[in-house]
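Reader: I would like a close look at a single part of this model, taken slowly and with the terms explained as they come up. Please choose one helix and describe what surrounds it.

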Amino acid sequence: MKRILVTGALGQIGSELILKLRNIYGAHNVIATDIRQNDSEAAQSGPFEVLDVTDFKQMMKIATKYQVDTIVHLAAILSASAEAMPVFAWNLNMGGLLNALETARELKLQFFTPSSIGAFGPSTPKDNTPQDTIMRPTTMYGVNKVAGELLADYYFYKYGVDTRGLRFPGLISHVTEPGGGTTDYAVDIYYKAVQEKKYTSYIAKGTFMDMMYMPDALNAIIDLMEADSSRLVHRNSFNVTAMSFDPEGIAASIRMQIPDFKLDYDVDPCRQQIAESWPNSLDASAAMQEWGFHYEFDLDKMTEDMISKLRQKLNLEIPKP
Ligand code: NAD
Ligand code: AKB
């Protein structure tokens, strides 16, 4: 990667990935694009272009203008929103992906896009879910992700495009709030914990899902993209994970920092059904073996960092011991 075009760059992942890529590869070598513009650091700290990923001509124009050698395709809608707008989700998630792959094929670019634990379904083995296993998702988001993994593999085998991907679990971060996902509760809970010392979970007690802290997710993207291509047996997409917990588990971790934190439940049937169709925990050994995947943050280390960063961000007083 030397000159990188990022789509959907103002979202939860992109707004942090852009800054990290600019630190490593140089600000002018990372072209942030999104369908909207704002005054965030990601939009202001280097080249930015408005790009709707469903517009192939515009994508080609921007990629050619900046002579990029890599495309990181992030623009998509997430699981809960996709379930509410399935046709819109198909058109954006698949149409945008096809345009990004075609751009990579025509301009001979390296290519990255994230898949998700959403690619798995109720018939997938739930615990220590293998890299290669049954994938019959029951959500539109999951259908998009499985089809996307296959399509990216197809572009590698058919056209030699250097496609790579990660099956991300729920990502937890403090810079940009997530939107439209099923795992968003695991971010919301920290905001409510520092502000109100209580949280009402829309995910039920006992529902385990994989999660990862954003710094580890960003490192995983860069490590995979920089990995020796000849070592990659699985390209699209690698299981990666750093932790698995249910709402009680994250609440217990928060209580180590905020002892009087209270958790109750008002379960949302739609997001609960999605969560129940996903694995409890993933096996990430293929990623470890093929390109050295590792993570730094377990649940308690992430909780400590999230709470401290959110208190700074929200200008909240740090309680005296
Ligand atoms: P996000 O919803 O936070 O950001 C998506 C961005 O895409 C937004 O800034 C939005 O403005 C932009 N966008 C929407 N429609 C667009 C269009 N037509 N053209 C261009 N941009 C458009 O999403 P995210 O969490 O940053 O996720 C990025 C990718 O990572 C997605 O493919 C998602 O499925 C995947 N993923 C995310 C997570 C997670 O927990 N965040 C987990 C697994 C996989
Ligand atoms: C979602 O909940 O939709 C995302 C994901 C795990 O893909 N966070």
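Author: **Helix α12 and its surroundings**

In α12, the residues Leu299, Met302, Thr303, Asp305, Met306, Ile307, Leu310 and Arg311 are buried, where buried means under 20% relative accessible area, exposed over 50%, and partly exposed in between, with a 1.4 Å probe and protein chains only. This is a predicted model, in which local features need pLDDT of at least 70 and side-chain atom pairs count only at pLDDT 80 or more, while totals for chains, interfaces and linings use all residues. Residues are numbered from 1 along each chain as its sequence is written, chains are lettered from A and ligands numbered from 1 in the order in which they are written, and side-chain values use heavy atoms, with hydrogens and water left out.

Helices (H or I, at least four residues) and strands (E, at least two) are DSSP runs, numbered from the N terminus. Helix α12 covers residues 299–313, 15 residues in all, and spans 21 Å from its first C-alpha to its last, close to the 21 Å expected at 1.5 Å a residue; the expected span is 1.5 Å times one less than the number of residues. Just after α12, Asn315 takes a positive phi of about 55°.

The buried residues of α12 pack against β7, α7, β9, β11 and α9 (247–255), contact meaning heavy atoms within 4.5 Å. The three strands named here form an open sheet in the order β7-β9-β11, with mixed pairing, two strands being paired if DSSP finds at least two bridges between them. Its edge strands are β7 (170–172) and β11 (243–245), each pairing on one side only. β7 and β9 (residues 209–213) run in the parallel sense over 3 bridges, and Ile172 has Tyr213 as its bridge partner in β9.

Helix α7 (residues 185–196) also packs on this sheet, touching β7, β9 and β11, and its direction makes about 25° with that of β7; axes are lines fitted to C-alpha atoms, for helices over the stretch in contact, and angles run from 0 to 180 degrees between N-to-C directions. The axes of α7 and α9 come within 11 Å and cross at roughly 30°. Tyr185, Ala186, Ile189, Tyr190 and Ala193 of α7 make this contact with Pro247, Ile250 and Ile254 of α9. By class, the contact of α7 with α9 has 8 nonpolar, no polar and no charged residues, where Ala, Val, Leu, Ile, Met, Phe, Trp, Tyr, Cys and Pro count as nonpolar, Asp, Glu, Lys and Arg as charged, and the others, Gly among them, as polar.
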